[in-house]
Structures are given as structure tokens and as C-alpha cells.
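Trainee: I would like to go through the terms used for this model and see what each one rests on.

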Amino acid sequence: MKTGLLGQLAITFATMSLGAIGGANAVLPEMHRQAVSVHGWLDDTTFANLFAIAQAAPGPNVIFVSLIGWHLAGPTGLAVATAAICLPSSLLTFGVSRIRRRLIGANWMKLLQLALMPIPLALMAASGLIMAQAADHTLLTVVLTAGTTLFVAFTQRNPLWALSVGGLLGGLDFLLTAG
Amino acid sequence: MAQGDQAASEKPVSYSSIFLAFSKIGLCGFGGVAAWAHRVLVDERGWYTDKQYADLLSVGSVLPGPNVCNISIMVGDQFRGALGSLTALGGLLAGPLLILIVLATLYETYGGLPLVQAVIGGVTAAAAGLVIGTVIKLARRLRASFGNILVGLLAFAAAAILHLHVLLIVAVMVPLSLALTIRERRR
């Protein structure tokens, strides 16, 4: 049973690794589909909560995958999920690293960079929509999502401020309505 | 370029300094690891010039996987080969993963309390905004062509509405986008 879950984690994340153009947030819709709809590992709210926790920690976004592994199967799950999402893309990068001097400045590299631009953006936009659907059930949460969107899009300040304000207002709202 | 790269690789760089440099990048990188990667690798360590770093980033960004992870693998490999890559990637992930484990343990212990749930609910709503806001910020910097917009809309629909596998989306969209970009360039 346990090995079955670890095997599924490994296969699921390893297959999406090579699709993670522009970073882990590009595969968030796929992660949501696999973890929530296909495998039923997590419900919508837990998925969104874990994502928020990963955002509150420093480091690359890929650690969200580690957190899903941890939540499902503890330290082993964390190790398996992290290795699975990192390994295929890292091996490719390692291979390319050896021939990178021949690539730099090549015309087709510039074309490829231009052509790749819209894809991670579109996938991240889909991620944002999925996260908002999972997170926003009250007027306050809708306002928090909209406010953070504007804060991040139009200021250069650390997004951790917006996450902190979100947590603070969420807590205050609870205390005021409960009390 | 080749000359600069040579100079960079001639310097003896130890495993521990690779590990420490990338630990710093990982731990300081709240919501923007890339900016810290530049600061540490170029300004503090002096391992690369601005131009060399830009080249590194350009290769890292066309490959799948987080850009900073890709950079760590290339930098580690350049100084110390495969073990260097592992050291750099390990340094980048170790610190953040430890903090993550602490946060996850707190979440699993206290996550059931109504007040904690309300706080996390607020953070989660803000995190959704963080994703959407980042998309808007990046999109504003682009001068998108017709082809870019078409590819963006198709990829968005494929992921958000049709729920297709990300590998399928990438496998179809990359050649399509490349073809459109080449066509637009020719005009």
C-alpha cells in the first residue's frame, strides 16, 4: 500500500518534470488534476493550503511538490516527490550544460526563447485560476486575492507582506465574527 | 565569452563554497530566487560577469525545471562536475526544505484549530493573488505579438478548461509557437 503510493508519487511527478517550462508553477494545473481529481490524494482546500505554506517558505517554487510528498507519506514521500520532479529536468540540464557554450548566442536559441515565453505565462494563469477557485469562498477571500494580485502586479515590494496581511485579516475576521 | 568562462572555471571553487552560495540563494529567495542568484553569483562571489550570468540564465530558462535549479546544476557542473551539480542543487533545496518541514509540522499539529484554519485561509487567498499578480507583472513587460497571444490563449484553455496533460500541451504548443515566431520574424 505504502510502496504503491510512493510509486504513484514518483511516476506522477517524474512525468510532469519535463513539462515544467519556466518553473514549477507551470505544472500546477497538472499537479492539481493528478493530486485532486485523478488520485484523490488531497481535497481542493488542502491542495491550496499546502501551496500557500510552500509560498510562505523561502526557496524555489518546486518545494511545493516536496510538501505534497511530505503530507502524503512523511520524509520518504518528501524525498521521493522531490527527486521525481527534479530528476528528469535536471538530467536534461546536466546534458545541455556540457554543450552550452555552443548554444549561447545561437540564433535559434533566441527564437526558442521568444517562442517559449507565452507558454509558462498561460500555464501560470491557469494555475492562478485554479488556486482562486480553491481559495475564494467568502467576500473577504475574494478581496484578499484581488488585493494581492494588484500588490504583486504593480509594486516591487516583497510578496511576503501580502501573504502576512492575508493571514492577519483571515484571523481577525474569524475572531470578530466568532466573538 | 569563451575567455571569460575559462577564467571562471580556472578558479578553484570548493564544494563547500558551492553549497554555501546556493544555500544563501535558496534561503534569501522569498518570492524571487532569481534576483538573489544574480546577487550571490555575480556581485558577491564574482564567479560570473553580468554577461556570463545572462547567458547562463538564457540557457536555464529554455530548459524545463525551475530556472534557478537549472542554473545550480550548470554552475556546479562547471566547477566540480556531476558531484558539483548535486552539491549546488542540494544547497539550494536543503535550507528551504528544512523550513518547509517545520511549517508543515505546525500545519499538521495546529491546522485543525478554527483560528489557524482562518489564518491559513487568508494566506491561501493571498497566495492565489500572488500567482495571478506575477502573471500580470510578467505579461506587462512583454511586447507580445499576435502569435504569442494566440499561443498563450490556446495553452491557457488547454490547461484551465480542457485539463490536458502538461506534457501534451508543451509538446503541441512549443512547435506551434516556434513556427509562428519564425513566420513573424520573416515579415
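The exchange below takes the terms one at a time.

Mentor: Keep in mind that this is a predicted model.

Trainee: What makes up the secondary structure of chain B?

Mentor: Chain B has 8 helices and 0 strands. From the N terminus on, its elements read α-α-α-α-α-α-α-α.

Trainee: How do you know that chain B is not a compact globule by its radius of gyration?

Mentor: Set the two values side by side: a compact globule of 187 residues would come near 16 Å, but chain B has 20 Å. Along the principal axes, the C-alpha trace of chain B spans about 60 × 50 × 25 Å. The domain assignment splits chain B into domain 1 (2–110), domain 2 (112–141) and domain 3 (144–187). The centres of domain 1 and domain 2 of chain B, taken over C-alpha atoms, are 26 Å apart.

Trainee: How do you know that the span of H7(B) is close to the expected one?

Mentor: Helix H7 of chain B, residues 146–160, has 15 residues. The expected span is 1.5 Å times one less than that number, which gives 21 Å, and H7(B) reaches 21 Å from its first C-alpha to its last.

Trainee: Why are residues such as Gly147(B) and Ala155(B) called buried?

Mentor: A residue counts as buried if 20 or more other C-beta atoms lie within 10 Å of its own, so Gly147(B) and Ala155(B) meet that cut-off. The buried residues of H7(B) also include Asn148(B), Val151(B) and Phe156(B). The buried residues cover an arc of only 165° around the axis, which puts them on the same side of H7(B).

Trainee: What covers the buried residues of H7(B)?

Mentor: The cover includes helix H2 (28–38) and helix H7 (118–135) of chain A, together with helix H8 (166–186) of chain B.

Trainee: What makes a set of residues a nonpolar core?

Mentor: The members are buried nonpolar residues joined through C-beta atoms within 7 Å. The largest nonpolar core has 106 residues, and Phe64(A), Met131(A), Ala127(B) and Ala155(B) are among those with the most contacts inside it. Helix H5 of chain B, residues 67–110, gives the most to this core, with 15 residues.

Trainee: Which residues is Ala127(B) in contact with, leaving aside its neighbours within four places in sequence?

Mentor: Contact requires C-beta atoms within 7 Å. By that test, Ala127(B) is in contact with Phe51(A), Ala52(A), Gln55(A), Met131(A) and Leu163(A).

How values were computed:
Residues numbered from 1 in each chain as written. Chains lettered and ligands numbered in written order. Predicted model: local features only at pLDDT ≥ 70, side-chain atom pairs only at ≥ 80, totals over all residues. Helix = DSSP H or I, 4+ residues; strand = E, 2+ residues; numbered from the N terminus. Buried ≥ 20, exposed ≤ 12 C-beta atoms within 10 Å, placed from the backbone. Arc of directions from axis to C-beta. Contact = placed C-beta atoms within 7 Å. Domains from an automatic or database assignment. Rg over C-alpha atoms; globule rule 2.2 N^0.38 Å.
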